[in-house]
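Biologist: I am new to this structure and should be grateful for a close look at a single part of it. Please choose one helix, describe how it is set into its surroundings, and then place it within the whole chain.

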Amino acid sequence: MSLSRRRRWFLLLLGGLVAAVLLTGVAGWAGTAARPADPLPSWNPGAARDGILRFVRQTTDPASPRFVPPAERIATFDQDGTLWVEQPVYPQVRFILERVPGAVTTREELERLAATALSGMPLETFRADVRQWLARARHPRWQRPYTELTYQPMQELLRYLRAHDYKTYIVTGGGQDFVRVYAEQVYGIPPEQVIGSAGATRYGYDSQGRPFLTKEPRLLLNDNDAGKPEGIQLMIGRRPIAAFGNSTGDRQMLEYTEAGDGSRLAMLVLHDDARREYAYGPALGLPDTRVGRFTQELHDQALQQGWTVISMKNDWKRIFPFDS
């Protein structure tokens, strides 16, 4: 074989090898692209994760008998203990106590303290105070801002629902004005989709004639227990088809959600992981608490009515965004 023929043969062979490698790579890339990304990577396989995926698939597939039109895809979330840490004390309670330090032993005393601390304050001043407090406050255990102590699995769930045309709402016993300051930045939920305990405001004018609102010490809505479905009706006007909570204060919201027709999803977060977060109940023999109580009665009701109890310990691969 002449040198030129050997050279042509070698180049043809080399070209074939390169083409084979490229085709193999393209096939590999195509195979990777064909596999959809896991929408809930921080959830362990199990009833909770499977229930979420099945519910969303059934309610968003037009061919499914359980299909729900986008306008009716309403999902409501409690905040404290459901979306972020509530122990050892609710973040908003700490905010109030730091504004007016003093001994508080009862809920009534706390409410009076809050009314005194906030009464007569311009709404914009209050919002600025909340932003400043969130920027400097640190949780006593992790020494991180509270806005970093959101639950990564629930953040994924919020995004997953919104990707399928669900409208996500916060329905919290906490202060509506307080949560509205950071909800959009932290959860992707705009202030108009935050329902909380709401106080009155008074319209007035400043010294230059510009209108503003002042906070008043008068409660308009106690958005806890039965107040949650009442607030949902007042602010949304539609019954949710999915609801998520973690305590007895969320019971009526889940009952109201489940009472509707068609597909429904009701879930409760159980804090049973003292190593990675906290463990409290007193359901299932967990330590009792005055912050976010999950009673055995609530646990039994969940089992009877087909609500899903999410175990932090077993259902979540990681709890916080900064967990490895």
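Modeller: Before the helix is described, one term is needed: two residues are in contact when heavy atoms of theirs lie within 4.5 Å. It should also be said at once that this is a predicted model.

The part chosen is helix 6, residues 152-163. Helix 6 has 12 residues. From its first C-alpha to its last it reaches 17 Å, close to the 16 Å expected at 1.5 Å a residue.

Helix 6 is mostly covered, with nine of its 12 residues buried. A residue counts as buried when its relative accessible area is under 20%. The buried residues of helix 6 are Q152, P153, M154, Q155, E156, L157, L158, Y160 and L161. The cover over these buried residues includes helix 2, strand 1, strand 2, helix 8 (183-187) and strand 5.

Q155 may serve as an example, as its place is in helix 6. The relative accessibility of Q155 is 9%, so Q155 counts as buried. If its neighbours within four places in sequence are left aside, Q155 is in contact with T150, V186 and Y187.

The end of the helix also deserves attention. Just after helix 6 comes D165, with a positive phi of about 65°. Most residues other than glycine have a negative phi. D165 belongs to the loop between helix 6 and strand 2. Its relative accessibility of 48% is the reason why D165 counts as partly exposed. A positive phi is also found in D225, at about 55°, although D225 is not a glycine. D225 is placed in the loop between strand 4 and helix 9 (227-235). With a relative accessible area of 35%, D225 is partly exposed.

The elements that cover helix 6 can be followed further through their aromatic residues. A search of the whole structure finds 17 aromatic pairs. One of them joins F55 and Y166, whose ring centres are 6.1 Å apart and whose planes are at 45°, so the pair is tilted. F55 lies in helix 2 (residues 47-60), while Y166 is in the loop between helix 6 and strand 2 (167-175); the pair therefore ties together parts that are 111 residues apart in sequence. F55 is buried, at a relative accessible area of 5%, and Y166 is buried as well, at 4%.

A further aromatic pair is formed by F77 and F244, and this pair is stacked, with 4.4 Å from centre to centre and 10° between the planes. F77 belongs to strand 1 (residues 74-77) and F244 to strand 5 (residues 242-245), so this pair ties together parts that are 167 residues apart in sequence. Both F77 and F244 are buried. Strand 1 and strand 5 are also among the elements that cover the buried residues of helix 6.

Aromatic residues also appear in a wider grouping. W43, W142, Y151, Y278, W316, F320 and F322 form one aromatic cluster. Over the ring of F322 sits the charged end of R144, 3.8 Å from the ring centre.

A charge over a ring is found at K215 too: its charged end sits over the ring of F126, 4.7 Å from the centre. K215 has its place in strand 4 (residues 211-221). Because its relative accessibility is 9%, K215 counts as buried. The side chain of K215 also makes a polar contact, at 2.7 Å, with the side chain of D177.

Two peptide bonds complete the local details. The bond from Q87 to P88 is cis, with omega near 0°, and P88 is placed in the loop between strand 1 and helix 3 (91-99). The bond joining G281 and P282 is cis as well, with omega about 20°. P282 is found in the loop between strand 6 (265-270) and helix 11 (296-305). Most peptide bonds are trans.

Finally, helix 6 may be placed within the whole. The chain has 12 helices and seven strands. Of its 324 residues, 46% count as buried. Among contacts in the chain with a separation of 6 or more, 64% are accounted for by residues 24 or more positions apart. The chain exposes about 16600 Å², of which carbon and sulfur atoms supply 54%.

Technical notes: Residues numbered from 1 in each chain as written. Predicted model: local features only at pLDDT ≥ 70, side-chain atom pairs only at ≥ 80, totals over all residues. Heavy atoms only, no water. Helix = DSSP H or I, 4+ residues; strand = E, 2+ residues; numbered from the N terminus. Buried < 20%, exposed > 50% of the residue type's maximum accessible area, 1.4 Å probe, protein only. Areas by Shrake-Rupley, 256 points an atom, 1.4 Å probe, with all protein chains shown as cover. Phe/Tyr/Trp six-rings, centres within 6.5 Å; stacked < 30°, edge-to-face > 60°. Lys NZ or Arg CZ within 6 Å of the ring centre and 35° of its normal. Polar contact = N/O pair within 3.5 Å; in protein donor to acceptor, adjacent residues only side chain to side chain. Expected span 1.5 Å × (residues − 1).
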